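Please look over the model below with its sequence beside it, and then follow the paragraphs through it one feature at a time.

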Amino acid sequence: MSAPRWLTSEEQRVWRDFSAAIDMLRAHLETQLQRDAGMPTTYYSVLVALSEAPGRVLRMSDLALATRSSRSRLSHAVARMEANGWIRRETCPTDKRGAFAHLTDAGLRAIRDAAPGHVEAVREALFDALTPEQVRQLGEISKAITDRLTPACARAQAAESETATGSHGTVEPAADSRL
């Protein structure tokens, strides 16, 4: 086993600042959505993904990928959104284990009502704090990180799918596919 690659003092400072910024941004946006739209960011992400999908419909497995959620976490969220009348679930006629999530008209109204306040909160908390050059750099940095993590997330998602369907009995379920 190789020795740990400890962070330098500068890397520690950057990591802590980055981690704090992400935590604060998420908390700020969660608070705004709960206060102004009565929904958590998880619901907002699901509603956005469905509103942008052809016919406002996605397979649950595709919706999990689009929202970077585990299937079980997504299933619980969709059940609550069904109770709100925002989503309708339908069994897949060709795959009894599969299901489709349909965005209802009420769900579309909910996302349209929530979006202006949410976009303003994102703009105020993130983009207004940055110069145009910093926005460009943040985009490049974000892409580099997601490109690096995407393969590991895909493996975790595949492991979760295999466990859920019983394809490989020795695979442990992934706690969260978003790694």
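Glu140 and Arg136 are both part of helix α6, where 4 residues, or about one turn of the helix, separate them. In this predicted model, their side chains meet in a salt bridge, with a distance of 2.2 Å from N to O. Glu140 is partly exposed, its relative accessible area being 48%, and Arg136 is likewise described as partly exposed, with a value of 40%. The class follows because partly exposed covers the range between the 20% limit for buried and the 50% limit for exposed.

Further along in the numbering of helix α6, Lys143 and Asp147 lie 4 residues apart, again about one turn of the helix. These two residues form a salt bridge in which the closest N and O atoms are 2.8 Å apart. With a relative accessibility of 47%, Lys143 counts as partly exposed, and Asp147, with a relative accessible area of 43%, is also partly exposed.

Helix α1 offers a related arrangement, and here the salt bridges that share partners join Glu10, Arg13 and Asp17 into one network. Within that network, Arg13 forms a salt bridge with Asp17, and the closest N and O atoms of the pair are 3.0 Å apart. Because Arg13 and Asp17 are 4 residues apart in helix α1, about one helical turn separates them. Arg13 counts as partly exposed at 41% relative accessibility, and Asp17 counts as partly exposed at 44%. The structure as a whole holds 9 salt bridges, among them the pair Arg13 and Asp17.

From these pairs we can turn to the largest pocket, whose volume is about 2300 Å³. Which residues lie nearest the centre of the largest pocket? Of the 49 residues that line it, Ile22, Leu25, Arg26, Arg68 and Ser142 are the ones nearest the centre. Several helices contribute to this lining, since α1 (9-37), α2, α3, α5 (105-125) and α6 (132-165) each supply at least two residues. The largest share comes from α1, which provides 14 residues of the lining. In terms of residue character, the lining divides into 27 nonpolar, 14 polar and 8 charged residues.

Arg68, one of the residues nearest the centre of the largest pocket, also deserves a look at its backbone. Arg68 has a positive phi of about 55 degrees, although it is not a glycine. The residue lies in the loop between α3 (60-67) and α4 (71-83). Is Arg68 buried or exposed? With a relative accessible area of 56%, Arg68 is exposed, because exposed is the class for values over 50%.

A second arginine can be read in the same way. Arg56, which is not a glycine either, has a positive phi of about 60 degrees, and Arg56 is found in the loop between α2 (41-52) and β1 (57-59). At a relative accessible area of 23%, Arg56 is partly exposed. Arg56 therefore does not count as buried, a class that requires a value under 20%.

Key
Residues are numbered from 1 along each chain as its sequence is written. This is a predicted model: local features need pLDDT of at least 70, side-chain atom pairs count only at pLDDT 80 or more; totals for chains, interfaces and linings use all residues. Side-chain values use heavy atoms; hydrogens and water are left out. Buried means under 20% relative accessible area, exposed over 50%, partly exposed in between (1.4 Å probe, protein chains only). On a 1 Å grid over the protein atoms alone, a cavity is a set of points where a 1.4 Å probe fits but cannot get out, and a pocket is an open set with protein on both sides within 12 Å along at least five of seven lines; lining residues have an atom within 4 Å of a point. Grid points are joined across faces, edges and corners, and a volume is the space filled by probe spheres set on the points. Ala, Val, Leu, Ile, Met, Phe, Trp, Tyr, Cys and Pro count as nonpolar, Asp, Glu, Lys and Arg as charged, and the others, Gly among them, as polar. A salt bridge is a side-chain nitrogen of Lys or Arg within 4 Å of a carboxyl oxygen of Asp or Glu.
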